[in-house]
Amino acid sequence: MSHPLPTPAAPAHDLMLAVSEIYPHIPAIIQNDLLRYVIGASAVFLIINTWLSRRLLSRKIRSISPGWNQMRREIITSLRTVLIFAANGVMVGIGYSMGWLRAYADPAEFGWLYFAASIVGIVFLHDAWFYWTHRLIHRPELFRRLHRLHHKSFNPTPWTSYAFNTGEAALNAVFLPLVLLVLPISFLGIFVFTTHMMLRNAIGHCGYEVFPATSDGKPLFSWLTSVTHHDLHHAQAGYNYGLYFTWWDRWMKTENPRYLAEFKRVSIRQEHPEPVCS
Ligand SMILES: [Zn+2]
Ligand SMILES: [Zn+2]
């Protein structure tokens, strides 16, 4: 998506001028999206799936770990997603220069309270966008073309987080310019939002339940989607469409009925892990 630096020029309202302004920044935009995926997924993989893997063994959701072939496929397809997100960032830059989008360069322009509130707001909006578009692409007539690739990772890894069909990547990307048509968000705020999105996505696919539990095995933050929540979606599609929060699944009665039992199983057990789906 978009890059907070260099600071864009003021809106130009001229298409050719807007394109010529964004053109020199295209390599930086691609690099930014590439680094977000590579650093985000690598950090989660190295910290959770490697460094802490022994300590987190009792919280491993499945007994089997995905192989390198799966991870290689995920990384290769994710590079295409990086290019689609970068193309979207270029569109956002042009839209900004044309004065169509309400992105702004100085994060303090509307005050720091608005800066923080705009990030919270876009996360809430993105959660709703993701839930409903996710349900849409699970429709049988769309699933094969738009979402099948992501579900090829039956047992996901942090690298699954960008493993999308082209159409799914575009559907995810277009959210940002649509929001910027109505909601002013600074370029730094966009950077924080996209980085949070990437990290939550990578953690949600890591295969270890890292979210805290109460002493009786319930999610401490029941309104947040845990790793088990999204892992169950990969194990048994048709439930758990949410991205950051559980409320849409609860309101629409699409939360997996086994979710709380699965969360309890992985969060308080001491014995060796069992597969999530048998
Ligand atoms: Zn899905
Ligand atoms: Zn997923």
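The following exchange concerns a predicted model of one chain with a zinc ion.

Biologist: Which residues coordinate the zinc ion (ligand 1)?

Modeller: In sequence, the donor residues are spaced H-x3-H-x8-H-x3-H-x81-H. Each contributes its NE2 atom, at 2.0 to 2.2 Å from the zinc ion. The residues are His134, His138, His147, His151 and His233.

Biologist: How many residues apart in sequence are the parts that His147 and His233 tie together?

Modeller: His147 lies in the loop between α5 (140-146) and α6 (148-151), while His233 belongs to helix α10 (residues 227-235). Both bind the zinc ion through NE2, and both are buried. The pair therefore ties together parts whose separation in sequence is 86 residues.

Biologist: Is Thr133 buried or exposed?

Modeller: Thr133 sits in helix α4 (residues 112-137). Its relative accessible area is 11%, and the cut-off for burial is under 20%. Thr133 is therefore buried.

Biologist: What radius of gyration does the chain have, against that of a compact globule?

Modeller: The chain contains 12 helices and two strands, and its C-alpha atoms fill a box of roughly 65 × 40 × 40 Å along the principal axes. For 278 residues, a compact globule would have a radius of gyration near 19 Å. The chain agrees with this, at 19 Å.

Biologist: What share of the contacts between residues at least 6 apart in sequence joins residues at least 24 apart?

Modeller: The chain runs α-α-α-β-α-α-α-α-α-β-α-α-α-α, and 51% of its residues count as buried. Among the contacts in question, the share joining residues at least 24 apart is 77%.

Notes:
Residues are numbered from 1 along each chain as its sequence is written. Chains are lettered from A and ligands numbered from 1 in the order in which they are written. This is a predicted model: local features need pLDDT of at least 70, side-chain atom pairs count only at pLDDT 80 or more; totals for chains, interfaces and linings use all residues. Side-chain values use heavy atoms; hydrogens and water are left out. Donors are N, O and S atoms within 2.8 Å of the metal (3.2 Å for Na, K and Ca); water is not among the atoms, so sites may look incomplete. Helices (H or I, at least four residues) and strands (E, at least two) are DSSP runs, numbered from the N terminus. Buried means under 20% relative accessible area, exposed over 50%, partly exposed in between (1.4 Å probe, protein chains only). The radius of gyration is taken over C-alpha atoms; the globule rule is 2.2 Å times the number of residues to the power 0.38. Contact means heavy atoms within 4.5 Å.
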